[in-house]
Amino acid sequence: MARQLEDATDKLLASLLVADGRSTLKALAEATGLSVSAVQARVRRLEADGVIRGYVADVDPEAIGLPLAALISLIPLDPSHEYEIPAMLADLSEIESCHSVAGDVSFVLFVRVATPTALELLIREIRTLANVATRTTVVLQTAFERRAQPSTKPR
């Protein structure tokens, strides 16, 4: 697990990079009031400490043929193997995220596929690979999505 950000400048840098992972060191330096070399050293430390895990392109799923999103809740049929489930499903590229949750179910998956038929096939594959029962909720529309970023305001 990455270290907790306490420094206001590190939080600001992380927030700026969440908003635009392609920001130049010069732009980050101007936004923080630091020198380019100081910003570079801080960004490298944030990367080394695992705070910044990587840089990715935010691609529209519909543009790449994945318009259908769903949440799939998993209920293990054999509770003794419950915590092996994420490893069993890790290679399924349709799964964007896997969350361990409290409540009636053990895990909730967020998936993206091309068609309802593809969703049905994915659900069958998940059931077979992980030995689980499933409950699926199809996403009709996403009002907003946010990527994690440090709060710069006290709550």
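The following conversation goes through a predicted model and asks how some of its descriptions are reached.

Biologist: Why is Ser 15 called buried?

Modeller: Ser 15 has a relative accessibility of 15%, and since buried means under 20%, that value places Ser 15 among the buried residues. Ser 15 is found in helix 1, which covers residues 8–19, and, leaving aside neighbours within four places in sequence, Ser 15 is in contact with Gln 149 and Pro 150.

Biologist: How do you know that the ends of helix 1 are as far apart as its 12 residues should span?

Modeller: At 1.5 Å a residue the 12 residues should span 16 Å, and because the end C-alpha atoms of helix 1 are 17 Å apart, the two values agree.

Biologist: What makes Asp 7 a cap for helix 1?

Modeller: A side-chain oxygen of Asp 7 lies 3.0 Å from the backbone nitrogen of Thr 9, and as a polar contact is a pair of N or O atoms within 3.5 Å, Asp 7 is described as capping the N-terminal end of helix 1.

Biologist: Which residues of helix 1 are buried, and what do the buried residues pack against?

Modeller: Asp 10, Leu 13, Ala 14, Ser 15 and Leu 17 are buried in helix 1, and the buried residues of this helix pack against helix 2 (25–32) and helix 3 (36–48). An α-helix has 3.6 residues a turn, so residues three or four places apart point the same way.

Biologist: Why is Asp 10 called buried, and what makes a polar contact with its side chain?

Modeller: The relative accessible area of Asp 10 is 1%, and because buried means under 20%, Asp 10 counts as buried. The side chain of Asp 10 makes a polar contact with the side chain of Arg 42 at 2.8 Å, a distance within the 3.5 Å that a polar contact allows. Leaving aside neighbours within four places in sequence, the residues in contact with Asp 10 include Arg 3, Leu 5 and Leu 46.

Biologist: Why is the pair of Tyr 83 and Phe 107 called edge-to-face?

Modeller: A search of the whole structure finds 1 aromatic pair. In that pair, Tyr 83 and Phe 107 are 6.3 Å apart centre to centre, with 75° between the planes; rings pair if their centres lie within 6.5 Å, and planes over 60 degrees apart count as edge-to-face, so both conditions are met. Tyr 83 lies in the loop between strand 1 and helix 4 (85–89) and Phe 107 in strand 3 (residues 107–113), so the pair ties together parts that are 24 residues apart in sequence.

Biologist: Are these two residues, Tyr 83 and Phe 107, buried or exposed?

Modeller: Tyr 83 has a relative accessible area of 64%, and exposed means over 50%, so Tyr 83 is exposed, whereas Phe 107, at 3% relative accessibility, counts as buried.

Biologist: Why is Asn 131 called partly exposed?

Modeller: Its relative accessible area is 39%, and because partly exposed covers values between 20% and 50%, Asn 131 belongs there. Asn 131 is placed in the loop between helix 5 (116–130) and strand 4 (132–139), and its phi is near 55°, a positive value in a residue other than glycine.

Biologist: Which element gives the most to the lining of the largest pocket?

Modeller: Helix 1 gives the most, with 5 residues. The lining of the largest pocket has 39 residues, and those nearest its centre are Val 18, Arg 53, Val 56, Arg 147 and Ala 148.

Technical notes. Residues are numbered from 1 along each chain as its sequence is written. This is a predicted model: local features need pLDDT of at least 70, side-chain atom pairs count only at pLDDT 80 or more; totals for chains, interfaces and linings use all residues. Side-chain values use heavy atoms; hydrogens and water are left out. Helices (H or I, at least four residues) and strands (E, at least two) are DSSP runs, numbered from the N terminus. Buried means under 20% relative accessible area, exposed over 50%, partly exposed in between (1.4 Å probe, protein chains only). Contact means heavy atoms within 4.5 Å. The expected span of a helix is 1.5 Å times one less than its number of residues. A polar contact is a pair of N or O atoms within 3.5 Å; within protein, one must be able to donate a hydrogen and the other to accept it, and residues adjacent in sequence count only if both atoms are side-chain atoms. Rings of Phe, Tyr and Trp (its six-membered ring) pair if their centres lie within 6.5 Å; planes under 30 degrees apart count as stacked, over 60 as edge-to-face and the rest as tilted. On a 1 Å grid over the protein atoms alone, a cavity is a set of points where a 1.4 Å probe fits but cannot get out, and a pocket is an open set with protein on both sides within 12 Å along at least five of seven lines; lining residues have an atom within 4 Å of a point.
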